[in-house]
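Thanks for making the time this morning. I would like to walk you through one helix packing and then one strand with its neighbours, and I will take them in that order.

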Amino acid sequence: MTRPVLALTVGDVAGIGPEITARTLLHHPALRERCVPVVVGDADSLRRGCETIGADPSAVRVLNHPREATNDPALIEVVQAGPSLAHVPFGEIHPDAGDGAHRYVVTAVELAKQGAVQGIVTAPLNKAAMHAAGHRFPGHTELLAHEFAVKNFSLVLSAGDLYFFHLTTHVSLREAIDGVTPERTDAVLTLAGAFTRALGRPGERIGLAGLNPHAGENRIFGHEDADVLAPAVERARAAGLDVHGPLPADALIPQAVKGRWNLVVVCYHDQGHAPFKAVYGDDGVNITVGLPVVRVSVDHGTAFDIAGKGLAREASLVLAAERAADLAPGWDHVWRAAQDAENTPDAD
């Protein structure tokens, strides 16, 4: 099988992105057997990342296009996107770094639209720096959805065989409750079902967490579980998906961690993120389901406090690249399902 070409965006250059990218590409040669990683970012910042980890800066090679990549494990091959950011200091919010992080994602999307890359892997950006540069996106997920012009997508946290889909993400809790609609629930359950096919495991059980405590406890603690989530489960089951719920989140999520469920759909950001990070720390990844190509990110931030000190671990970025390489060949299942859901009347 042809190895997929992955665009690795370097993220905010004031953070740990350049050094974990350098470690990933220079210290993990086995990754090259699974994919062709091409960095999209700033060569000077990557050279500084090499110096941070004690590697030779001359390992950085600038490409005009991903097709020029040799996939040499001794090299960091990078498409330069915009001006040098060598002047950006470590560990500080800087609008030039925020602008660069935004530009690297936009460039990776353009390469994906051209068919030059089959997946995108993102090192962390800093939202405050991106906002300081005038790019008012809540994060990577929403920026990618905007650039690909898609409406039906989901943030998915993953560790091993466990996947947490989210009905809502970067909004206030009050907005999240309003965002748990029949249409949104239908769309995410459809995406989860398509994702099982991309994994090669069609028919996998999917557990849907309740919005309210005890999944509403027969309407004692709210009506959303009975009026919105339960009917969506019935519709998904009628469509052939093995969906169960809504189930109390405080029972479902511990069961998932113990291996009883591999696919879980949660209702809002902290319902999924808080327990996931408590258990897996930075050993998980963040997948965006619903884009034309697979996108996987590290599940940690820019770590300004240790940037440039050579202390940052690359494990999550390595895992993100491996996961993107594995998912890329079957991604068309997920993309077609996202399009079908988006084109369904009232899906937005």
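**A helix pair and a strand**

What you have in front of you is a predicted model. Let me begin with helix α3, residues 95-113, which packs against helix α5, residues 140-148, at an angle of about 40°, the two axes being 10 Å apart. That angle makes α3 oblique to α5, because angles under 35 degrees would count as roughly parallel and those from 65 to 115 as roughly perpendicular. As for handedness, the crossing in which α3 passes α5 is right-handed.

If you would like to find the contact on your screens, on the α3 side please look for H102, V105, V106, V109, A112 and K113, and on the α5 side for H140, L143, L144, E147 and F148. Sorted by character, the residues of this contact comprise seven that are nonpolar, two that are polar and two that are charged.

Now to the strand. Is β4, residues 76-80, mostly covered or mostly open? It is mostly covered, since four of the five residues in β4 are buried.

Which strands, then, does β4 pair with? Strand β2, residues 36-41, runs parallel to β4 and is joined to it by three bridges, and if you want a residue pair to locate this, V40 has V79 of β4 as its bridge partner. Strand β3, residues 60-63, also pairs with β4 in the parallel sense, here over four bridges, and in this case V62 has V78 of β4 as its bridge partner.

Technical notes:
Residues are numbered from 1 along each chain as its sequence is written. This is a predicted model: local features need pLDDT of at least 70, side-chain atom pairs count only at pLDDT 80 or more; totals for chains, interfaces and linings use all residues. Side-chain values use heavy atoms; hydrogens and water are left out. Axes are lines fitted to C-alpha atoms, for helices over the stretch in contact, and angles run from 0 to 180 degrees between N-to-C directions. Helices (H or I, at least four residues) and strands (E, at least two) are DSSP runs, numbered from the N terminus. Angles under 35 degrees count as roughly parallel, over 145 as roughly antiparallel, 65 to 115 as roughly perpendicular and the rest as oblique. A crossing is left-handed if the near helix is turned anticlockwise from the far one by less than a right angle, and right-handed if clockwise. Contact means heavy atoms within 4.5 Å. Ala, Val, Leu, Ile, Met, Phe, Trp, Tyr, Cys and Pro count as nonpolar, Asp, Glu, Lys and Arg as charged, and the others, Gly among them, as polar. Buried means under 20% relative accessible area, exposed over 50%, partly exposed in between (1.4 Å probe, protein chains only). Two strands pair if DSSP finds at least two bridges between them.
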